[in-house]
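Open the model in a viewer and keep the sequence panel beside it. The stops below say what to select and what is found there.

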Amino acid sequence: MVDRDDQRRSRRAALRALGAGALVASAGCAFDGGSNGSDTENGSETAPETTVDDDRTHRPTQEQSIITTAPAATPPKTDASERMTDGPTGDEPTTSGRTTSGQATNRTATGATADRTTNTTRTGSTASTNRTSGSTTDAEAADLDTGWTERTPLPVVGSDAGGGVLDGKLHFFGGIETGVRLEAVARTFAYDPSAGSGGEWERLPDLPRELWGLCGVATDDALYSFGGAPTDAPYEGGPPSDAIFRYRPGDGWTELAASCPYPNWVMGGLYNPQDGLIYCVGGGTGDHDAETATDHGFDGEGVPGTYDESRLWTFDPEAEQVADADLARMPEAKRWPTVALFSVDGDQYLHAIGGLSGTTGPTDSNFRYDVAAGEFERAQPLPRSGTYATHSNPVIDGQAYLTHGMFWEGESTIDRYKPIAHRYDPAADRFETDLPKPTHLRGGATSGVVDGTLYVVGGHIKRFDENDLHDCVDYNEAYTPARE
């Protein structure tokens, strides 16, 4: 029997060898965890939150992005100059700029809250005002700093941006702004949660292109952007991109000579510090002829925006080249998955949780990839078919936090969006659904974990009764789990 450590080392060497043959995984390995997607042991949400109508039909609409809801007034489009000054643009490649922090007043409410004229923050310093000196235990004090809090909002409204945590800061780049069309932008911001009472935002150099639905991944020293789509693409206005950009503080953005194995948008990705590789998986694709692509039976061959990829592929940031263009294949292609990397009993597993099956509806699939064995298998399905706003490795203390859900059922209404928070435990292969809920209904957010806190920034509400308006928001909610 081959030693597992030797197997890992051999596999790592194979991944590093550029041009090595693809390691395509078999897709049918059953994983003991059930298939009904329900979790009765840990409790569940109310019946409307967890019950799926088996008789529902999927209307093949063209879903531009993860979307959210809230029956409130449409906010005006906000330009960066209205909230920040002296920040760089694409013509001014500097990293200086005025930051925003603290409270933001007189802002239009667009979330689940009825009125939001003042944004409140609660951090370690502000939370201390709720304590009585000498009368609060350490456990009580720690509890005051857990749960959901409001932090300094984005300087602009925006959604479907790329992101990544670099040098302790959450970056937010590209995406769309409010509009009926998919108005792609190139703006880049960085959020420092440790600055000021609610954190501070800084304007950074713009991306070289205006793109939305980018896959953002941060390594130890750089931020990468994979793919994305220009304005109105891929449904109209052209195909998605296969471009790869790199950002380094002080250097700005650079377009690399390498490109993605397929043109993509809303692809999942993360960095594995153990082998030094970036793993990218699935996403929508512009390559309709690839054997790894499918439109999930959409009624109309070759319709733009309907095809998804099943491939898992790797990129070597040190060599700045694709390491393996077809490392493995998910049992089913999908877009907008939540990707998470776990270590369980010394072994590494990458999960692709939930997402959308093209434009035909959501999926409850949870595919886990054994990094050492090089195979996908099916893990416990979601409690309910859907997708989440936290896409990029939302892992704290070895568990994934999946928040701000969209559950596609029946007609296109804002009722499909829920202010939920689920937690996945990879060791037990189980979802917990009774976590504290966030305040704002939205999707298409950018998220990242900094020092044990999950930050969920931006997003939008798709107003189906207003000509499918993408009503972008600037919310910045932070979630810190309670420590046992």
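## Stop 1: strand 21 and its neighbours

Select strand 21 and strand 22, which pair in the antiparallel sense over four bridges. The model is a predicted one. Within this pair, Arg-368 stands opposite Glu-377 of strand 22. Follow the chain from one strand to the other: the two form a hairpin with four residues between them. In that turn, pick Gly-374, whose phi is positive, at about 75 degrees.

Now add strand 20, residues 347-353, which pairs with strand 21 in the antiparallel sense over five bridges. Here Tyr-349 has Asp-370 of strand 21 as its bridge partner.

How many of the residues of strand 21 are buried? Five of the five residues in 366-370 are, so the strand is largely enclosed by the rest of the structure. In a regular strand, side chains alternate between the two faces of the sheet. Show the side chains of strand 21 to see both faces: Asn-366, Arg-368 and Asp-370 lie on one side, Phe-367 and Tyr-369 on the other, and all are buried.

## Stop 2: the loop after strand 22

Move on to the loop between strand 22 (375-378) and strand 23 (387-388), and select Pro-381 there. Is Pro-381 buried or exposed? Its relative accessibility is 9%, so Pro-381 counts as buried, the cut-off being under 20%. Add Ser-365 to the selection: the two residues are 16 apart in sequence, and their C-alpha atoms are 5.1 Å apart in space.

## Stop 3: the sheet 2-3-6-7

Select strands 2, 3, 6 and 7. They make an open sheet of four strands, in the order 2-3-6-7, with antiparallel pairing. Strand 2 and strand 7 (200-204) are the edge strands, each pairing on one side only. On average, neighbouring strands of this sheet are turned by 25 degrees against each other, direction ignored.

Begin at the strand 2 edge. Strand 2 (residues 162-166) is mostly covered, with four of its five residues buried. Strand 2 pairs with strand 3 (residues 169-173) in the antiparallel sense over five bridges, and Val-165 has Leu-170 of strand 3 as its bridge partner. These two strands form a hairpin with two residues between them, where Asp-167 takes a positive phi near 55 degrees.

At the other edge, select strand 6 (residues 188-192) with strand 7: this pair is antiparallel too and has five bridges. Tyr-191 stands opposite Trp-201 in strand 7.

## Stop 4: the sheet 1-32-29-28

Next select strands 1, 32, 29 and 28, which form an open sheet of four strands in the order 1-32-29-28, with antiparallel pairing. Which strands stand at the edges? Strand 1 (147-150) and strand 28 do, each with a single partner strand, so one side of each has no neighbour in the sheet. The average turn between neighbouring strands here is 20 degrees, direction ignored.

Keep strand 28 selected and add strand 29 (residues 453-457): the two pair in the antiparallel sense over five bridges. Thr-446 has Val-457 of strand 29 as its bridge partner.

## Stop 5: the largest pocket

Display the pocket surface and go to the largest pocket, with a volume of about 560 Å³. Its lining takes in 33 residues, and to find the centre, select Gly-163, Gly-216, Gly-269, Ser-392 and Asn-393, which lie nearest to it. Which elements give two or more residues to the lining? They are strand 2, strand 8 (215-218), strand 12 (268-272), strand 19 (338-344) and strand 28 (446-450). Colour the lining by residue class: 18 residues are nonpolar, 13 polar and two charged.

## Stop 6: the cysteines

Last, show the cysteine side chains. A disulfide is a covalent bond between the sulfur atoms of two cysteines. A search of the whole structure finds zero disulfides. Cys-215 is in none, and the nearest cysteine sulfur, that of Cys-280, is 4.5 Å away, whereas a disulfide would need the sulfur atoms within 2.5 Å. At 2% relative accessibility, Cys-215 counts as buried. Finish at Cys-472, which has a relative accessibility of 0% and also counts as buried.

Notes. Residues are numbered from 1 along each chain as its sequence is written. This is a predicted model: local features need pLDDT of at least 70, side-chain atom pairs count only at pLDDT 80 or more; totals for chains, interfaces and linings use all residues. Side-chain values use heavy atoms; hydrogens and water are left out. Buried means under 20% relative accessible area, exposed over 50%, partly exposed in between (1.4 Å probe, protein chains only). Two strands pair if DSSP finds at least two bridges between them. On a 1 Å grid over the protein atoms alone, a cavity is a set of points where a 1.4 Å probe fits but cannot get out, and a pocket is an open set with protein on both sides within 12 Å along at least five of seven lines; lining residues have an atom within 4 Å of a point. Grid points are joined across faces, edges and corners, and a volume is the space filled by probe spheres set on the points. Ala, Val, Leu, Ile, Met, Phe, Trp, Tyr, Cys and Pro count as nonpolar, Asp, Glu, Lys and Arg as charged, and the others, Gly among them, as polar. Axes are lines fitted to C-alpha atoms, for helices over the stretch in contact, and angles run from 0 to 180 degrees between N-to-C directions.
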